[in-house]
Structure formats: C-alpha cells, structure tokens
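Welcome, and thank you for opening the viewer. Keep your selection tool ready, and we will go from stop to stop together.

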Amino acid sequence: MQITADKFIAHRGYQKYFPENTLLAFEEAIRAGARHIELDVQLSRDQVPVIYHDDTLERMSGRPGKISDCAAAELVQISAHEPERFGERFVAERIAPLSALVAISQRAPQVTFYVEIKEEAVRDHGSAICLRQIAAVLKPVLAQCVLISFDLAVLADARCYGFKRIGPVLRDWKNRESEITRLGASVIFINKKRIPVGERVEASCPVALYEIGDAAEAKQWLQRGAAMVETFAIGELIPALCRATMV
C-alpha cells in the first residue's frame, strides 16, 4: 500500500518546531505538506472561541490566569510562544481567535481541520454555548471541519448546530463500535497506548492514533490498520514515508 500525506494529521500544527496551536504552526504544517491538522478550542469570558489547548495561560503564555477569565480582546494581545520550549523566540505569536482559521482554510481547501472542543470549555460555558459559538465562526468552512472531543455528550448534540462530521476521542477501545453507531462518527481518535498488544486497529470508521513520534512507528501502526496517525513531527513523517511503498 502506498503511503500518502493523507495518512498524517499535524497535531496542533507543526508542533515540533513551532508553538502549538498558533497560526504559524498551522501555516508551517501546510507548507510541510499536511492534509490534516488538529487544533484545540477554548472560549473566552465573553464566549469567543480561541485556539488554545490549556485552560490556563502558564505553559503557553508564561503568565498566570485562565482563558475563561479573560475577554477575547485581551486574549488576542497575549503571546502563545511556549516559553519553556522556545524561550522568547516566538514571543510575537499571539493567541489566535478561531475566526483566523477561516482564512487559512479558504487558502488551503485541500486541508481538513479537526477542531477539538476542550472539556474545560464545556465545563465553564456549557455545551450549547460552545457548539453555537464555534459553529457560527466556522460556518463558511464547515465542510472542511470535523468536530472532535473527549466530551461525547457535546458531540451527541453537534449535528443540531450544523456539524456534519463528528470524531469522538475515545478512552475505551473495546466500546468503539457502540460509540461510532450512537454518534454517527466519521472518524475516531484514540491514544495508541489503548490498543491491545498485537491487535489490529479495526473499526467501522477510520481510526486515527496519537501520538506517533517517528517514521518507523508510524509505518508499523499503518500496517496494523490505522487509517491515520497524529504527530507533532509532520515535517519529518511525510517526506520519510511518502516516498516509500509499504510491503
């Protein structure tokens, strides 16, 4: 089977070399050949979706506070430079509103975006507000997006807000078929560590595994049946594997 770029998902963009969930990380992932990009969404105090993984600002922005305690106008002035990894190198990178993804999507219609509603956002704002706000922002490019979450209850309501493709992030491999059926899942995501040793990666919809660090590991999982692998190192895996044919 020929390995193509469609087998790889850039986890939070090209995270290995650029601050995660920034517009720079997404643009660099696309430049590296990514056809799939995963990103995380939290909501500001005034219920504006922003692209951010944590619900606190310490790790990514080097300052105290919570996303949900800050207004959107304040958040977009805060850096998202991952100071522990990169020091001040990317200090000019700011927290991006989800609305900025629309322009990137329109410039890169070949890319599918997996938009993860964080459980903390649902906890702080409720599922209806999260779904309504995210759907309103993404409406122009909704066909390019798959809504994903660990919170399966929020996904169960997502179609009522216009989301056509749903991707549960599962914690339990053995119950995958019941959740695929219940949610009408287009894809499922699951930690590679939850797949039993030696078992084929099989389900009635495509399975995406995370986090895959190198080409040899990616090839092994694809041979075992994974439809896609999610990686922080998109720029390494695509050139390493897409020139080769699996045996």
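A salt bridge here is a side-chain nitrogen of Lys or Arg within 4 Å of a carboxyl oxygen of Asp or Glu. Before you select anything, note that this is a predicted model, in which local features need pLDDT of at least 70, side-chain atom pairs count only at pLDDT 80 or more, and totals for chains, interfaces and linings use all residues. Residues are numbered from 1 along each chain as its sequence is written, and side-chain values use heavy atoms, with hydrogens and water left out.

**Stop 1: a pair within one helix**

Select Glu179 and Arg182. Their side chains form a salt bridge, with the closest N and O atoms 2.8 Å apart. Both residues lie in helix H9 (residues 176–183), three residues apart, about one turn of the helix. Helices (H or I, at least four residues) and strands (E, at least two) are DSSP runs, numbered from the N terminus. Why does this spacing suit a pair? An α-helix has 3.6 residues a turn, so residues three or four places apart point the same way.

Is Glu179 buried or exposed? Buried means under 20% relative accessible area, exposed over 50%, and partly exposed in between (1.4 Å probe, protein chains only). Glu179 has 18% relative accessibility and therefore counts as buried, while Arg182, at 49%, counts as partly exposed.

**Stop 2: a pair that links two parts of the chain**

How many salt bridges does the structure hold? There are 20. Now show Glu20 and Arg59, whose side chains meet in one with an N to O distance of 2.7 Å. Glu20 sits in the loop between strand E1 (8–11) and H1, and Arg59 in helix H2 (residues 58–61), so the pair ties together parts that are 39 residues apart in sequence. Glu20 is buried at 2% relative accessibility, whereas Arg59 is partly exposed at 27%.

Next, pick Arg200 and Glu202, which form a salt bridge at 3.5 Å, N to O. Glu202 is partly exposed at 46% relative accessibility, and Arg200 is partly exposed at 42%. Then select Arg12, Glu20, Asp40, Asp54, Arg59, Glu82, Arg85, Glu116 and Lys118 together: salt bridges that share partners join them into one network.

**Stop 3: two positive phi angles**

Go to Asn21, in the loop between E1 and H1. Its phi is near 60 degrees, a positive value in a residue other than glycine. Asn21 is buried, at 3% relative accessibility.

Glu82, a member of the network you just selected, is the next residue to click. Phi of Glu82 is near 50 degrees, again positive in a residue other than glycine. Glu82 lies in the loop between helix H3 (72–75) and helix H4 (83–86) and is buried, with a relative accessible area of 3%.

**Stop 4: Glu211 and its surroundings**

Select Glu211, in the loop between strand E9 (207–210) and helix H10 (215–223). The peptide bond leading into it from Tyr210 is cis, with omega near -15 degrees. Which side chain of opposite charge is nearest to Glu211? That is Arg12, 6.9 Å away, and Glu211 is buried yet has no salt bridge. For charge, Lys and Arg count as positive and Asp and Glu as negative, while His and the chain ends are not counted.

Show the backbone nitrogen of Phe232 as well: it lies 2.6 Å from a polar atom of the Glu211 side chain. Beyond neighbours within four places in sequence, Glu211 is in contact (heavy atoms within 4.5 Å) with residues including His11, Lys192, Glu230 and Phe232.

**Stop 5: helix H5 and what covers it**

Color helix H5 (residues 100–107), where Ala100, Leu101, Val102, Ile104 and Ser105 are buried. What covers these buried residues? Among the elements are helix H1 (23–31), strand E2 (36–43), strand E5 (112–117) and helix H7 (127–138).

**Stop 6: cysteines, and a last loop**

How many disulfides (pairs of cysteine sulfur atoms within 2.5 Å) does the structure hold? It holds zero. Cys130 is in none, and the nearest cysteine sulfur, that of Cys160, is 15 Å away. Cys130 is buried at 0% relative accessibility. Cys145 is in no disulfide either, the nearest cysteine sulfur being that of Cys130 at 16 Å, and Cys145 is buried at 4%.

Finish at Lys139, in the loop between H7 and strand E6 (145–149). Lys139 is exposed, with a relative accessible area of 66%. Its C-alpha atom is 9.1 Å from that of Phe163, 24 residues away along the chain.

Conventions:
Polar contact = N/O pair within 3.5 Å; in protein donor to acceptor, adjacent residues only side chain to side chain. Disulfide = S-S within 2.5 Å.
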